[in-house]
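These entries record what I looked up in the coordinates, beginning with the packing of helices and ending with the contact between chains.

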Amino acid sequence: MLPIAAVVWESRANGAAGFWSVVSDSQAVSALELSLVCALIVAGINAATGTIIAWVLVRDDFRGKSLVNAIIDLPFALPTIVAGLTLIALYGPRSPVGIDVTDTRTAIVLALLFVTLPFVVRTVQPVLLELDTEMEEAARSLGAGEGTVFRRIVLPNILPGILSGVALAFARAVGEIGALILISGNLPFKTQVASVFIFLHIQSGDTAGASAIAVVLLAISFAVLLVIGAIRYFATRHEHAR
Amino acid sequence: MSIEIRNVGKRFGDFVALDDVTLEVETGSLTALLGPSGSGKSTLLRIVAGLERPDAGSVALDGEDVTARAPQARGIGFVFQHYAAFKHMTVRKNVAFGLEIRRRPKAEVAERVDELLHLVQLHGLADRYPAQLSGGQRQRMALARALAVEPSVLLLDEPFGALDARVRKELRVWLRRLHDEQDVTTVIVTHDQEEAMDVADRIALIHEGRIQQIGEPRELYDAPANDFVMTFFGPVVRTEGGLVRPHDLELSLDERPGASEAMVARVVHLGFEVRVDLLDGNGRAFSTQLTRDEEAELELERGQIVFVSPRNGSVGTPGLGVGEELVQ
């Protein structure tokens, strides 16, 4: 709580008018928008791919499964600046696969997808492991096809796990800087995200301005996390019914 | 709907779960698949349901081969030992599930669900979640859910195995009544011989993946096909000629032909029954059961020598002679 309080305190150094002029600046608004939209897209893609990866790791058997399982966590172990360098090597001007995405919004989404990949996988995996497969068998014996079994039985039970992972991935994506600072190109109104924007303000000695934008970013992120939390609460109402 | 299981085999790796099992279940009957754990009885039930595929053999419902048919298309109700309750749905939604996915009109679903909830006496708990129910209530809900789609075959896999003894007895009486009221062929898997005898018309006793004997409960008790069947239905004493139940051993104070000598080690009064623990000539322990009156007549005392022989007409396994020397 203390660091967050300190940021809020710092942000009011220039008074309400100063605060407003910083955060309503069109470049700041654009950076905030880009950060939030990219984070939401990344969280959404993660919800699907993370669930699929978790499903394959839990339900399927294949050679090298434990290796894949171990590799999933690597993005966490890598300093994100290194992740950024790696992505430039792979998808930069000298790309061995012939794809150059540097200085584009695609680059931002790709970089964020890489660093947030483990979240949904790791929150869904234990829920899937715990999931009583007899529920699915019971549904099948009652006439439910595989699609219905997934939609009506599996999904409602793993949804809280997916949402937890989505919330973590979103929060991480909003705050990510290391993986983006090199590959995004930091072009104002195009590929400049809020975290990098804040970093530039700090470098130029404007800590109050940086804090003001950080506070807005925090407030919006908090609102998004609250919404995800509310959906999660609704999805688990059977667990706290007494 | 009749069930015909022909020459079914199933392996899990090196483990032979079922070995050439053939069994016919008559329309409208209540059959118990009885056996110790690991005998293959649950696997057999799951094969009938289509939840497991046999490696060999076939399953037919009313003469129609369904071996390759998916569980969805078999028209059976399945009840699991651990309820398999849809924990994210209310009791009402659980029971309605089979009807809802068949897209029946809402009013019809509501009416049928209410009817079923009354049948299983859960109408007051319709809006609760499974986590708010006791084990017995959950299993009744699972039964209502299975019955909702009006299956012609109801399969129950150790349905009362996770419940305490009192609830178990209540539910099996209730299951029998339910079976008699509904137009359904029921197969129940159990490891409890008392439960099987209480509830079933016919019992198929399974051991090590093979059917040991099929028959009415009395047949299995009175005419066991082999030693395993005999021992499965309660304690037995091994005599030289074969196995005998303790209450089929007669004690007398006088020596008589065919009887063997034993010493009374302990006399235990169990109400109507009296258990007499004995030691045979080789010092091996065994026991007999007498009625209170029989014991009173003999006035047995510890250390006394008695003569033991199987009663006339006592149950034994085939080819059993009268034992001369008792060995436990």
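Entry 1. I began with the pair α9(A) and α12(A) of this predicted model. Helix α12 of chain A spans residues 207–235, and its axis comes within 9 Å of that of α9(A). The two axes cross at roughly 175°. Angles over 145 degrees count as roughly antiparallel, and α9(A) and α12(A) are therefore roughly antiparallel to each other.

I then listed the residues in contact. On α9(A) they include Pro156(A), Leu159(A), Pro160(A), Leu163(A) and Phe170(A). On α12(A) I noted, among them, Leu217(A), Val224(A), Leu225(A), Ile228(A) and Arg232(A). By class, I recorded 15 nonpolar residues, two polar and one charged for this contact.

Entry 2. I next looked up α3(A), residues 26–59, against α9(A), residues 146–175. Their axes come within 8 Å and cross at roughly 140°. How are α3(A) and α9(A) oriented to each other? That angle falls in none of the ranges for roughly parallel (under 35), roughly perpendicular (65 to 115) or roughly antiparallel (over 145), and the two helices are therefore oblique. I noted the crossing of α3(A) past α9(A) as right-handed.

The α3(A) side of the contact includes Leu36(A), Leu40(A), Val42(A), Asn46(A), Thr51(A) and Trp55(A). The α9(A) side includes Phe150(A), Val154(A), Ile158(A), Ile162(A) and Phe170(A). I found 16 nonpolar residues, three polar and no charged ones in this contact. Val166(A), Phe170(A) and Val174(A) of α9(A) are listed in the contact with α3(A) and also in the contact with α12(A).

Entry 3. I placed these helices within the whole chain. Chain A has 13 helices and zero strands. I took the extent of its C-alpha atoms along the principal axes, and they fill a box of roughly 65 × 55 × 25 Å.

Entry 4. I turned to the interface of chain A with chain B. The size of an interface is often given as the accessible area lost when the parts come together. Chain A and chain B bury about 2200 Å² between them, with 60% of it on carbon and sulfur atoms. Which residues of chain A lose the most area to chain B? They are Leu142(A), Arg152(A) and His238(A), together 31% of what that side buries. For the contact itself, I recorded 22 residues of chain A and 25 residues of chain B.

I then checked for salt bridges and counted two between the chains. In one, Arg152(A) pairs with Glu100(B), the closest N and O atoms being 3.3 Å apart. Arg152(A) thus appears in my notes both for the area it loses and for this salt bridge.

Technical notes: Residues are numbered from 1 along each chain as its sequence is written. Chains are lettered from A and ligands numbered from 1 in the order in which they are written. This is a predicted model: local features need pLDDT of at least 70, side-chain atom pairs count only at pLDDT 80 or more; totals for chains, interfaces and linings use all residues. Side-chain values use heavy atoms; hydrogens and water are left out. Axes are lines fitted to C-alpha atoms, for helices over the stretch in contact, and angles run from 0 to 180 degrees between N-to-C directions. Helices (H or I, at least four residues) and strands (E, at least two) are DSSP runs, numbered from the N terminus. A crossing is left-handed if the near helix is turned anticlockwise from the far one by less than a right angle, and right-handed if clockwise. Contact means heavy atoms within 4.5 Å. Ala, Val, Leu, Ile, Met, Phe, Trp, Tyr, Cys and Pro count as nonpolar, Asp, Glu, Lys and Arg as charged, and the others, Gly among them, as polar. Buried area is the accessible area (1.4 Å probe) that two parts lose on being put together, summed over both. A salt bridge is a side-chain nitrogen of Lys or Arg within 4 Å of a carboxyl oxygen of Asp or Glu.
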